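Work through the exercises below with the sequence and the coordinates side by side. Each one sets a task and then gives a solution in steps.

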Amino acid sequence: MRLDGKVCLVTGGASGIGRATCELFAREGAVLAIADKNGEAAAQTADRCGALGAQAFSIEVDVGDAAGVRRMIDETVARYDRLDVLVNNAGYGIPGSVVETGEDDWNALMAVNVNGVFLACKHAIPLMAKRGGGVIVNVASVVASVGIRNRAAYCASKGAVAALTRAMALDHVDDGIRINAVAPGTIESPYFDAILSSSRDTEATRRGLRERQAMRRMGRPEEVALGIAYLASDESSFCTGTILTIDGGMTAQ
Ligand SMILES: NC(=O)c1ccc[n+]([C@@H]2O[C@H](COP(=O)([O-])OP(=O)(O)OC[C@H]3O[C@@H](n4cnc5c(N)ncnc54)[C@H](O)[C@@H]3O)[C@@H](O)[C@H]2O)c1
C-alpha cells in the first residue's frame with residue numbers, strides 16, 4: 001500500500017495511462033479524484049476504483065479552461081479536505097509540421113497540454129505548501145527531448161511540460177513539494193486507436209510505431225502507471241525535478 005490514505009487527483013483519468021494510473025493507485029490504497037473532459041468515462045474509472053476498494057469520485061472538466069481547473073481543485077479539497085498528490089496526465093496530440101498547424105489548433109493544444117499543467121499546479125501548490133508538502137507528477141513525453149516528425153505542436157507542448165517540471169521543482173523544494181515527470185515512449189492507448197484508424201495502412205503504421213522502440217513493441221499504460229506510482233510515493237523521496245523515461249529504449253538509440 002504505497003499510497004495508503006493519500007488524496008490523489010489524476011487528470012485524464014478516463015482512458016489509457018490515466019485510467020491505468022487510477023486503478024494502480026486504487027490498489028495502493030489511494031483516495032481518488034478522477035478528472036476528465038469525458039465525464040461518463042471518468043465515472044466508469046471511479047466505479048472500477050471503487051470495485052478495487054478505493055474511495056473515488058469523478059469530475060467532468062476541460063483542463064484547458066481556467067475556471068474549470070480551479071473548480072477541479074476546489075471540488076477535490078471540498079470532498080477530501082486536502083490534496084496530497086496531483087497527476088497532470090490529460091493531454092493530446094495533433095499531426096502536422098509548424099507550417100501545417102493552424103493557429104487555433106496550436107492555441108487549443110497549448111491550452112490543454114501546457115496551461116492545464118500550469119493552472120493545476122498554480123492552485124495545488126499553495127494548498128500543499130500550507131500542509132507541509134505534497135507531490136506532483138506530470139506526464140511529459142520522450143518528444144520533450146527528441147524530435148519526431150509531423151507533431152510540431154505536441155513536441156513543443158511536452159518540452160514545456162518537462163521544463164516547467166524542473167523549474168517548479170526548484171521553486172518549491174523548500175515547501176516540501178516534490179515535482180517530477182514521466183516521459184513515456186510509444187504507449188498502446190486509445191490515443192493511438194485514432195492514429196491507426198486514420199492511417200491508410202493500419203498494419204504498416206502499427207509496425208512503424210513498434211519499430212521506434214529498441215524493444216520492438218509498444219508500451220502498455222500499466223508500465224507507465226508503475227513509474228507514476230513510484231514518483232507519487234515515498235519510494236522516490238530523493239527525486240525532484242526528475243524526468244523518468246519509460247520508452248522501451250526508444251531514446252537510447
Ligand atoms: N500514448 C502515448 O504513446 C503517449 C506517449 C507519451 C506521452 N503521452 C501522454 O500521456 C497522457 C495520456 O495519454 P494516453 O495515451 O493515455 O491518451 P488517451 O487519449 O487514452 O487518454 C487521455 C485522456 O485525457 C483526457 N483529456 C484530453 N483532453 C482533455 C482536457 N482538455 N481536459 C480533461 N481531460 C482531457 C481524454 O478524455 C482522455 O481520457 C497525455 O498527456 C499524452 O500526451 C502518451
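**Exercise 1. State what share of the residues in the chain is buried, and judge the overall dimensions of the chain.**

Solution. In this predicted model, buried residues account for 45% of the 253 residues in the chain. For the dimensions, begin with the expectation that a compact globule of 253 residues would have a radius of gyration near 18 Å, and then set beside it the 17 Å of the chain, which agrees. Along the principal axes, the C-alpha atoms fill a box of roughly 50 × 35 × 35 Å. Finally, consider the contacts with a separation of 6 or more, of which 73% join residues 24 or more positions apart.

**Exercise 2. Check whether the length of helix α5 agrees or disagrees with its number of residues, and find what its buried residues pack against.**

Solution. Helix α5 covers residues 152-171, and its 20 residues, at 1.5 Å a residue, should span 28 Å, because the expected span is 1.5 Å times one less than the number of residues. The end C-alpha atoms of α5 are 29 Å apart, which agrees with that expectation. Next, list the buried residues of α5, among them Ala152, Tyr154, Lys158, Val161 and Met168. The buried residues of α5 pack against α4 (103-130), and also against the strands β5 (134-139), β6 (177-184) and β7 (243-246).

**Exercise 3. Locate the ligand with respect to the domains, and describe the shell around it.**

Solution. The domain assignment divides the chain into domain 1 (7-184 + 220-245) and domain 2 (189-218), whose centres, taken over C-alpha atoms, are separated by 24 Å. Both domains give residues to the shell around the ligand, so the ligand lies between them. Of the 29 residues around the ligand, those that come nearest are Gly12, Ser15, Gly16, Gly91 and Ser189. The elements that give two or more residues to this shell are α1 (16-27) and α6 (190-197), and α1 gives the most, with 3 residues. Sorted by class, the shell holds 13 nonpolar, 13 polar and 3 charged residues.

**Exercise 4. Decide whether Gln253 is buried or exposed, and place it relative to Val114.**

Solution. First find Gln253 in the segment after β7. Then count its C-beta neighbours inside 10 Å: there are 9, and because a residue with 12 or fewer is exposed, Gln253 counts as exposed. As for Val114, it stands 139 residues from Gln253 in sequence, and the two C-alpha atoms are 28 Å apart in space.

Notes:
Residues numbered from 1 in each chain as written. Predicted model: local features only at pLDDT ≥ 70, side-chain atom pairs only at ≥ 80, totals over all residues. Near = placed C-beta within 6 Å. Helix = DSSP H or I, 4+ residues; strand = E, 2+ residues; numbered from the N terminus. Nonpolar A, V, L, I, M, F, W, Y, C, P; charged D, E, K, R; others polar. Domains from an automatic or database assignment. Buried ≥ 20, exposed ≤ 12 C-beta atoms within 10 Å, placed from the backbone. Contact = placed C-beta atoms within 7 Å. Rg over C-alpha atoms; globule rule 2.2 N^0.38 Å.
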